[in-house]
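Biologist: I'd like to learn how to read a protein model. Could you walk me through this one?

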Amino acid sequence: MACKLVRARLFEYMDGELPAEPRAQLEAHVTACADCRRLLDLERSFAEHYGQRLRPDPAPDRLRARVTEMLGAVPAVRPRRWGRRLALGYTLVAAGAVATLGLGALLAGGGPRFWRLESAPLGRLAAASVEQHQKLARGILPHDITQVTPKAAEQWFKSRLNFNVNLPELTREDLDLVGGRIAHLRDLEVAALHFKMDGRDISLFVIPFEKYLDLGIDATPKFKMVTHQGYDVIVWASHGMAYSLVSEIGGRSCLVCHSRDEPLGLPADARAHDRL
């Protein structure tokens, strides 16, 4: 079993959902591969120390009622095959909303904005980004490089990854690069940079553009904001690269990479950007 496949199925293995044969193949690979074994140990350590504490509370009655209402709005008439598929699609999206994207966006953001900005692929990328951000901020994932400039970090990644890493312009004087490492957003290998601004942690993940396209995230709007587990996640693509930025600094998140005067291409009702 190759490293890429092991990392793609690691969470199935940890959750006891992997069938006997692939489980045995994965265990044999991890026994022989130090990198994959270290990754498995890190994931287990994170689950033991933080998994239960960070697990979201059960959905409240208000949320359950709203999801039930959304499911009830699915058209019952199915005169054609495409109609059945459309109804099924609405049902799956509504049912997955709670589990994939968390409670805050659904309760606070309102229906239209929720459907427009927080698609299922975007939600999965946001969840994976937040997971890695928590590990970086808590030191569970150690830095491979520290005390370097962004340009030096960029060159370090270029010599170790199979894609050309280009960082966005980071011109804020109060943004400090703490360190960086090669990380994985589930099975997606990325460059991860850990910053501090006003004493708060910020993570920037640089994603190869081709892999980003494979995720199936909508091209518009260019800048997408998702709130997951209390973190702001901004996802965008530019100049042949894609980025996912995770922070706890609320409406100022965009200012990490962009000036106040730069048009961001977000809908007028995107609440996290109204304050900029």
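Biologist: Let's start with the largest cavity: by class, how many nonpolar, polar and charged residues does its lining have?

Modeller: Keep in mind that this is a predicted model. For any hole, you look at the residues around it and sort them by class. Here the lining of the largest cavity has four charged residues, three nonpolar and two polar. The residues are R7, L10, F11, L39, E43, E131, Q132, H184 and R186.

Biologist: Which helices supply at least two residues each to that lining?

Modeller: Those are α2 (10-14), α4 and α9. As for volume, the largest cavity has about 60 Å³, and the count of cavities of 30 Å³ or more comes to three.

Biologist: Now for pockets. What volume does the second largest pocket have, and which residues lie nearest its centre?

Modeller: A pocket is open, while a cavity is a space the probe cannot get out of. The second largest pocket has a volume of about 290 Å³. Its lining has 15 residues, with R7, R38, R181, I182 and H184 nearest the centre.

Biologist: Which element gives the most to that lining?

Modeller: That's α4, with five residues. The elements giving two or more are α4 (34-54), α9 (120-137) and β2. Sorted by class, this lining has eight charged, five nonpolar and two polar residues. R7 and H184, which are among the residues nearest the pocket's centre, also line the largest cavity.

Biologist: Let's zoom out. How many helices and strands does the protein have?

Modeller: There are 11 helices and seven strands. To see how the chain folds back on itself, look at contacts between residues at least 6 apart in sequence: 60% of them join residues at least 24 apart.

Biologist: And what share of the residues is buried?

Modeller: Buried residues make up 45% of the 276 in the protein. The accessible surface comes to about 14,800 Å², and 52% of that belongs to carbon and sulfur atoms.

Biologist: Why would nonpolar side chains end up in a core?

Modeller: In soluble globular proteins, nonpolar side chains tend to be buried together. In this model, the largest nonpolar core has 26 residues, and F157, L161, V165, L193, F195, V206 and W236 touch the most other members. Two or more residues come from each of α10 (150-158), β2 (175-185), β3 (188-197), β4 (200-208), β6 (231-238) and β7 (241-247). The largest share, four residues, is from β3.

Biologist: What is V165 in contact with, leaving aside its neighbours within four places in sequence?

Modeller: V165 is in contact with E154, F157, K158, A191, V206 and M241. Apart from this core lies another one, of 25 residues, including L122, I140, L188 and V226.

Biologist: How do I decide on single residues? Take S238 and Q147: which counts as buried and which as exposed?

Modeller: You compare relative accessibility with two cut-offs: under 20% is buried and over 50% is exposed. S238 is at 16%, so S238 counts as buried. Q147 is at 78%, so Q147 counts as exposed.

Biologist: Where do those two sit, S238 and Q147?

Modeller: S238 is in strand β6. Leaving aside its neighbours within four places in sequence, S238 is in contact with K222 and Y243. Q147 sits in the loop between β1 (145-146) and α10.

Biologist: How many residues apart in sequence are Q147 and L177, and how does that look in space?

Modeller: Q147 and L177 are 30 residues apart in sequence, with their C-alpha atoms 7.4 Å apart.

Methods:
Residues are numbered from 1 along each chain as its sequence is written. This is a predicted model: local features need pLDDT of at least 70, side-chain atom pairs count only at pLDDT 80 or more; totals for chains, interfaces and linings use all residues. Side-chain values use heavy atoms; hydrogens and water are left out. A nonpolar core is a set of buried Ala, Val, Leu, Ile, Met, Phe, Trp, Tyr and Cys residues joined through side-chain atoms within 4.5 Å. Buried means under 20% relative accessible area, exposed over 50%, partly exposed in between (1.4 Å probe, protein chains only). Contact means heavy atoms within 4.5 Å. Accessible areas come from the Shrake-Rupley method with a 1.4 Å probe; for residues, only the protein chains shown count as cover. On a 1 Å grid over the protein atoms alone, a cavity is a set of points where a 1.4 Å probe fits but cannot get out, and a pocket is an open set with protein on both sides within 12 Å along at least five of seven lines; lining residues have an atom within 4 Å of a point. Grid points are joined across faces, edges and corners, and a volume is the space filled by probe spheres set on the points. Ala, Val, Leu, Ile, Met, Phe, Trp, Tyr, Cys and Pro count as nonpolar, Asp, Glu, Lys and Arg as charged, and the others, Gly among them, as polar.
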